[in-house]
Amino acid sequence: MTTQEMCTVPPDDEGGAHRAEPPRRVGTGDSTARRTADRAAVRAFRPRRRIPAIVVSVLLTLLGLLVAAETISGLVGRPLRLVPYDGMLSWASATPWSDPLFLLSSAVVTLLGLALLAVALVPGRPSMVPARSGDPGLVIGLRTRTVTKALAHAAEEVPGVHAARARMRGHTVVVTAATSGWDKERFGEEVRDAVLTRLAALEPVEPYRVVVNVKESR
Amino acid sequence: MRGKIGRANRWGLALVGLVLTVLGGLALARGLGAFGTAGTPIADGGVRGFFARTSPWSWWVVAVVALAVALSALWWLLAQARAEPRGPLRVESGPTGVTEVSPGGMAQAVADDVASGPSVLSAHADLVDARGAPSVRLRVVADESAPLHELSGHLSAVVLRHVRDALERDQVPAIARVSLEPSPSPHRVVR
């Protein structure tokens, strides 16, 4: 059997459910500096889009070199003919714009372009959990895998919890706790409080939802 | 450096994506009859006549554009593997000489400074100097049960202040990648 409890850290309003002590930090009074530091932390750990960049740059390099080599070799009178452009020209001279294969290819190119635009413009999930530093010159990121382990350990510290594991999916932390099988509601409440307290102490910049599943082990 | 590559990647992908979207979209629109007859050949007499009239300079333009695209894409590709510069850090330069700091020695001092902080289990530091703008990269293993503000306060108020003083700069940005681990359980030794 399972039960689910949800809450967010940092809280949506000041009267949030977590009970972590407020952070004591250098320069906490300067909210503008804090916001600047938060934005810098989120930006610093955004995905760099290396894989698509490598694929596109390799293809563009090869395409550019091929076109340049074919054109220049043709201009100096020694055409390389790596590409069958005579055949391509006669195909283009005989094929209308409304050719279904050409329309399909155009649609694929358009979709590819839109996909690249989406990859470029969508910020993406940060590679680490950005944390509050309070200093615009200092960016702190927490390794996601170690954060989930820390939250699982926090859940395991609740008396009666045999084992716990935590996973992070986007901005949701899913904690699954195995208990001795009685008073499921109380376990859910205590695990949630323990996880929220630990999560609040880590001071994440972005809000995280905590979902607690309690499993009764016999 | 990391941020610059990320920005360059996004700009490059957006530019290529925009070109493909516009070209593909225009070809699709032409094939669906948006610009008049869709039954004419793709390379009709107008296209062939244009290249016949403008040859050979139009082909030289094609070659130059293709070379420019290839070289830009190659620069973009090589930028992915470019490491952050880790040469000596210049503290001061004047007519009488130059004062430089060895990045290795200073990085060790910074790592020791970080490791002396509360809740820190181990630390590693690197100093990067990109065009005269030094910055600090930290890899910290911290106690998972300690509040993070202890660590961030130590880094901000002690470690970075020492780095700024040593390099005689008002700002030295730092990025800290923190791994959380349980603190080692205390051992009791019985003699």
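Helices are DSSP runs of at least four residues coded H or I, and they are numbered from the N terminus. In this predicted model, A:Arg49 is found in the loop between helix H1 (31-44) and helix H2 (50-75) of chain A.

**Chain A: overall organisation**

Chain A contains six helices and six strands. Their order along the sequence is β-α-α-α-α-β-β-α-β-β-α-β. Of its 218 residues, 33% count as buried. Among contacts in chain A between residues at least 6 apart in sequence, those joining residues at least 24 apart make up 67%.

**Two loop residues with positive phi**

The backbone of A:Arg49 has a positive phi, near 55°, in a residue other than glycine. A:Arg49 is also buried, because 21 other C-beta atoms lie within 10 Å and the threshold is 20 or more.

A:Glu203 likewise has a positive phi in a residue other than glycine, with a value near 50°. Its place is the loop between H6 and strand E6 (208-216) of chain A. A:Glu203 has 24 C-beta neighbours inside 10 Å and therefore counts as buried.

**Helix H6 of chain A**

The element preceding A:Glu203 is H6(A). Does the separation of the ends of this helix agree or disagree with the span expected at 1.5 Å a residue? Helix H6 of chain A covers residues 184-201, and its 18 residues should span 26 Å; the end C-alpha atoms are 26 Å apart, so the two values agree.

Many positions of H6(A) are buried, including A:Phe187, A:Gly188, A:Glu190, A:Val191 and A:Arg192. Further along the helix, A:Ala194, A:Val195, A:Leu196, A:Arg198, A:Leu199, A:Ala200 and A:Ala201 are buried as well. An α-helix has 3.6 residues a turn, so residues three or four places apart point the same way.

**Spans annotated as transmembrane**

An unreviewed UniProt entry lists residues 53-80 and 100-122 of chain A under "transmembrane region". For chain B, UniProt lists residues 57-78 under that heading, also from an unreviewed entry. The table gives the computed geometry of these spans.

| Span | Helix content | Strand content | End C-alpha separation |
|---|---|---|---|
| Chain A, residues 53-80 | 82% | 0% | 29 Å |
| Chain A, residues 100-122 | 96% | 0% | 32 Å |
| Chain B, residues 57-78 | 100% | 0% | 31 Å |

**Chain B: domains and a cis peptide bond**

The domain assignment divides chain B into domain 1 (3-81) and domain 2 (89-181). The C-alpha centres of domain 1 and domain 2 of chain B are separated by 46 Å.

Which residues of chain B are joined by a cis peptide bond? The bond links B:Ser55 and B:Pro56, with omega about 5°. B:Pro56 is situated in the loop between helix H2 (45-54) and helix H3 (57-79) of chain B.

**Surroundings of B:His124**

B:His124 belongs to strand E3 (residues 120-130) of chain B. Is B:His124 buried or partly exposed? With 16 other C-beta atoms within 10 Å, B:His124 is partly exposed, because this class lies between the limits of 12 or fewer for exposed and 20 or more for buried.

Neighbours within four places in sequence being left aside, B:His124 is in contact with B:Ala111 and B:Arg139. The C-alpha atoms of B:His124 and B:Val140 are 6.4 Å apart, although 16 residues separate the pair along the chain.

Note on methods: Residues are numbered from 1 along each chain as its sequence is written. Chains are lettered from A and ligands numbered from 1 in the order in which they are written. This is a predicted model: local features need pLDDT of at least 70, side-chain atom pairs count only at pLDDT 80 or more; totals for chains, interfaces and linings use all residues. UniProt positions are given in the numbering used here, feature names are shortened, and annotations may be inferred rather than shown by experiment. Helices (H or I, at least four residues) and strands (E, at least two) are DSSP runs, numbered from the N terminus. The expected span of a helix is 1.5 Å times one less than its number of residues. Two residues are in contact if their C-beta atoms, placed from the backbone, lie within 7 Å. Domain bounds come from an automatic or database domain assignment.
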